[in-house]
Amino acid sequence: MSRVRDMRTVRRAQQFGKFRVTQLNLVPLVDTFVSIVFFALTTATVGELAPVVPGVTLPESSVGTPALSQLTLGIGAVVTLANHPVMNTSDAAAEPSDDARRPLKVPTLYRAMKSLADSLRAAQGVGADGAIKVALAIQGDRTMRYDLLSRFMQTARLAGFTRLSLQVQRVDGMAR
Amino acid sequence: MRRAERRSGLGGAESGHLNLVPLVDILTSIVFFALLTYAGAALAALTAFDLELPPVVVTSADQLKDIKSEKDVVNLLLAVRVSSDHLEVEHSAEGGYHTRIDSLNVRSLDSLQALMTDIRARYPQNRDVVVIPSDDVAYDDIVRVLERLKKARYSGIALGTKARATPVTVP
């Protein structure tokens with residue numbers, strides 16, 4: 001009797017085996033899509049944003065080219081170069097130039113910039129006094145006077161940064 | 001009963017469950033790296049004014065070698081002088097042009113934009129302008145002037161500095 005039942009079971013298994021429901025595990029697919037959606041949303045909102053140097057209140061403008069996250073000279077209470085503090089801004093303003101032909105030069109900042117410029121030149125295979133292809137972004141406080149800004153710009157150009165860019169806060173267009 | 005289950009294909013089916021463990025793993029990794037790479041800097045939508053080098057007067061044969069095409073030669077020297085209480089626009093055409101716009105408010109900036117748009121239309125080959133602010137002008141005011149020049153379709157903007165022989169004063 002038992003043998004007959006076993007044979008019947010085997011026969012049914014052979015008969016219905018081709019109709020067996022196959023399971024598809026969708027869990028990894030859902031995980032992957034959740035990650036994709038997360039990064040898509042994050043990139044869409046954060047991708048257009050660039051880091052602002054802490055302690056700097058930027059001027060505002062409705063025009064200009066989109067700013068990229070790049071090598072930045074920050075001018076707030078402290079002068080920072082590539083996120084590293086170099087000197088106090090008041091010290092930079094008071095520091096006299098060591099070159100009579102370049103009265104705007106800030107020697108301490110110049111040394112930091114020259115060191116950075118030389119390492120960039122070495123990485124790019126450019127000669128000792130060659131132009132650096134990397135642009136230097138300046139994020140300055142809106143209350144800064146132009147005589148101070150011109151000293152920093154002159155110092156940057158002496159160090160080899162010929163491409164300068166002023167980064168400011170973007171606002172929606174209307175006459176201010 | 002068994003026959004009915006067999007017919008409907010539900011015989012032996014287990015209750016389904018969603019495995020959330022890999023999702024939690026991924027989110028934990030995202031949070032971990034987000035915390036690790038947090039630099040403390042605020043993020044903001046920024047815009048940039050790319051500055052050109054101010055034009056120089058060619059005084060030697062060596063400097064002539066740097067001129068590769070006619071585009072490298074300025075055919076109209078256009079300058080905007082910015083003071084804390086007025087603006088001045090000068091250019092080299094028509095035997096020398098000079099005009100003064102009083103004040104540095106929204107109305108005077110509107111006048112500046114209209115004037116610069118007019119000059120741009122009269123000399124369409126020229127897209128360069130040199131901005132020469134006074135020492136005491138605030139950076140915010142300079143950016144407002146640069147903004148108006150961009151709106152007047154000048155793409156080659158340079159910031160110039162008055163010649164001086166002594167170090168600047170401490171603000």
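Biologist: What puts two residues in contact here?
Modeller: Their C-beta atoms, placed from the backbone, must lie within 7 Å. By that rule the contact takes 51 residues from chain A and 47 residues from chain B. The model is predicted: local features need pLDDT of at least 70, side-chain atom pairs need 80 or more, and totals for chains, interfaces and linings use all residues. Residues are numbered from 1 along each chain as its sequence is written, and chains are lettered from A in the order in which they are written.

Biologist: What makes a residue on the chain A side that touches chain B nonpolar, polar or charged?
Modeller: Ala, Val, Leu, Ile, Met, Phe, Trp, Tyr, Cys and Pro count as nonpolar, Asp, Glu, Lys and Arg as charged, and the others, Gly among them, as polar. That side therefore divides into 30 nonpolar, 13 polar and eight charged residues.

Biologist: How do you know what radius of gyration a compact globule of 176 residues would have?
Modeller: The rule is 2.2 Å times the number of residues to the power 0.38, and the radius is taken over C-alpha atoms. That gives near 16 Å, but chain A has 31 Å. Its C-alpha atoms fill a box of roughly 115 × 45 × 25 Å along the principal axes.

Biologist: Where do the domains of chain A lie?
Modeller: Domain 1 covers 2-46 and domain 2 covers 60-170; the bounds come from an automatic or database domain assignment. Their C-alpha centres lie 60 Å apart.

Biologist: What makes a residue of chain A buried?
Modeller: It needs 20 or more other C-beta atoms within 10 Å of its own, with C-beta atoms placed from the backbone. Buried residues make up 32% of the 176 in chain A.

Note on methods:
A residue is buried if 20 or more other C-beta atoms lie within 10 Å of its own, exposed if 12 or fewer, and partly exposed in between; C-beta atoms are placed from the backbone.
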